[in-house]
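Please open the model in your viewer, choose a cartoon display, and keep the sequence panel beside it. The tour below goes from one selection to the next, with a short account of what can be found at each stop.

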Amino acid sequence: MSHSHSHDHSHDHSHDHSHTPTVTVDNERKVLISFFLIFTFMIIELVGGLISGSLALISDAGHMLTDAAALALAYGAFRIGRRSADSRHTFGYLRLEVIAGFINAITLFAIVIWIGYEAWGRLQEQHVVLAGPMLGVAIAGLLVNALVFWILTRGDSEHVNIKGAVIHVIGDLLGSVGAVIAAVAIYFTGWTPIDPLLSVLVALLILRSAWKLLIKSLHILLEGAPENAKPDLVKHHITSAVPGIVSVSHVHVWSITSGRTLATLHVRPEFDIDAPAVVRSIENELRTYFGIEHATIAVNWNDETASCSLSQPISRL
């Protein structure tokens, strides 16, 4: 059967084609402010640790240095991620945000190992600690980390990159709580082993969060399908929700970055169907039901060859 390829492609594409998240500017501001707060207090905590002789404070300053580096990396990823797509990177640079999140997860594992090593050393050999100065710096650190946590969790916080920064700050926040408890205990009892013991507890909490972040970012980097848009779910929904569809095949769903889902699929409609209308219906279902904002749909008029292909992207990357 002969088919005309003069399908009407004049349907509305006037929506925003920018793939930069609307929250990116806010995220950049939050990360930048948080970086300056963390970096500034890191220096204060290092000086306080040297004055008080507290290895816990010096260790936490090292932790905060890693956090400052992670926040700087996150800020750089947001800035680069806003760059438009070009002839070499046709999907743009948004995936750099996921790479930054993955690196954050790896650094969290490194922090856990380092905390464990330092804790073991402190259990083997006790150190003299001036509890008063230690307590003052620890309380200040607690307040700074609480402020940074509050800043990062305002508004959008679902990006892998923001989550990575938040987990780092949670680790610091818990470390500050542990330092306060340790300082109080040392002041009243002189029992210094409480410091490394609390450090191990914090390390275990960080380890759990780091594992979740690593799995999520790695899943995106490996182009895994989102949980709510697995190929079998997409295939079943399109077949049942869009009238005139005989079959759906070759379904691929993946994410460029957190919350930016793409898909490609082949559909076989009935022969007397209005193909452009079917494509628009499928686009709408993918967008509203699965949150897939960019879809490429090939229309196959038989099971073996795609004698008529329609590529209808919802938006350009």
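Two residues are said to be in contact when heavy atoms of theirs lie within 4.5 Å. Keep in mind throughout that this is a predicted model.

**First stop: a histidine in helix 7**

Select His237, whose place is in helix 7, and show its side chain. Which residues is His237 in contact with, once its neighbours within four places in sequence are left aside? They are Val242, Glu285, Tyr289 and Phe290. Is His237 buried or exposed? With a relative accessible area of 12%, His237 is buried, because the word is used for residues under 20%.

**Second stop: the sheet**

Now select strand 1 (residues 245-257), strand 2 (residues 260-269) and strand 3 (292-299). Together they make up an open sheet of 3 strands in the order 1-2-3, and the pairing is mixed. Strand 1 and strand 3 stand at the edges and have a single partner strand each, so one side of each is left without a neighbour in the sheet. On average, neighbouring strands of this sheet are turned by 20° against each other, if direction is ignored.

Follow the mixed pairing strand by strand. Strand 1 pairs with strand 2 in the antiparallel sense, over 9 bridges; among the partners, Val253 is bridged to Ala263 in strand 2, and Trp254 to Leu262 in strand 2. These two strands form a hairpin with 2 residues between them, and Gly259 in the turn has a positive phi of about 80°. Strand 2 pairs with strand 3 in the parallel sense, over 7 bridges; here you can select Thr261 together with its bridge partner Ile292 in strand 3, and then Leu265, which stands opposite Ile297 in strand 3.

Next, colour the strands by accessibility. In strand 2, 7 of its 10 residues are buried, and in strand 3, 7 of its 8 residues are buried, so that each of these strands can be called mostly covered. Add helix 8 (residues 275-290) to the selection: this helix lies across strand 1, strand 2 and strand 3, and runs at about 150° to strand 3.

**Third stop: two backbone angles**

Most residues other than glycine have a negative phi. With that in mind, select His250, which is found in strand 1 and has a positive phi near 50°. At 53% relative accessibility, His250 counts as exposed. Then move to Glu223, in the loop between helix 6 (194-221) and helix 7 (231-241). Glu223 is not a glycine either, yet its phi is positive, at about 60°. Its relative accessibility of 46% makes Glu223 partly exposed.

**Last stop: a nonpolar patch on the surface**

Finally, switch to a surface display and select Phe39, Ile43, Val47, Ile51 and Leu65, which make a nonpolar surface patch of about 450 Å². Which helix gives the largest share of this patch? The largest share, 4 residues, comes from helix 1 (residues 24-52). Leu65, for its part, lies in helix 2 (residues 55-81), and with a relative accessible area of 46% Leu65 is partly exposed. Leu65 can belong to the patch because patches are made of residues with over 30% relative accessible area, and Leu65 has 46%.

Terms used. Residues are numbered from 1 along each chain as its sequence is written. This is a predicted model: local features need pLDDT of at least 70, side-chain atom pairs count only at pLDDT 80 or more; totals for chains, interfaces and linings use all residues. Side-chain values use heavy atoms; hydrogens and water are left out. Patches are made of residues with over 30% relative accessible area and no salt bridge: like charges are joined within 9 Å, nonpolar side chains (Val, Leu, Ile, Met, Phe, Trp, Tyr) within 5 Å. Accessible areas come from the Shrake-Rupley method with a 1.4 Å probe; for residues, only the protein chains shown count as cover. A salt bridge is a side-chain nitrogen of Lys or Arg within 4 Å of a carboxyl oxygen of Asp or Glu. Buried means under 20% relative accessible area, exposed over 50%, partly exposed in between (1.4 Å probe, protein chains only). Two strands pair if DSSP finds at least two bridges between them. Axes are lines fitted to C-alpha atoms, for helices over the stretch in contact, and angles run from 0 to 180 degrees between N-to-C directions.
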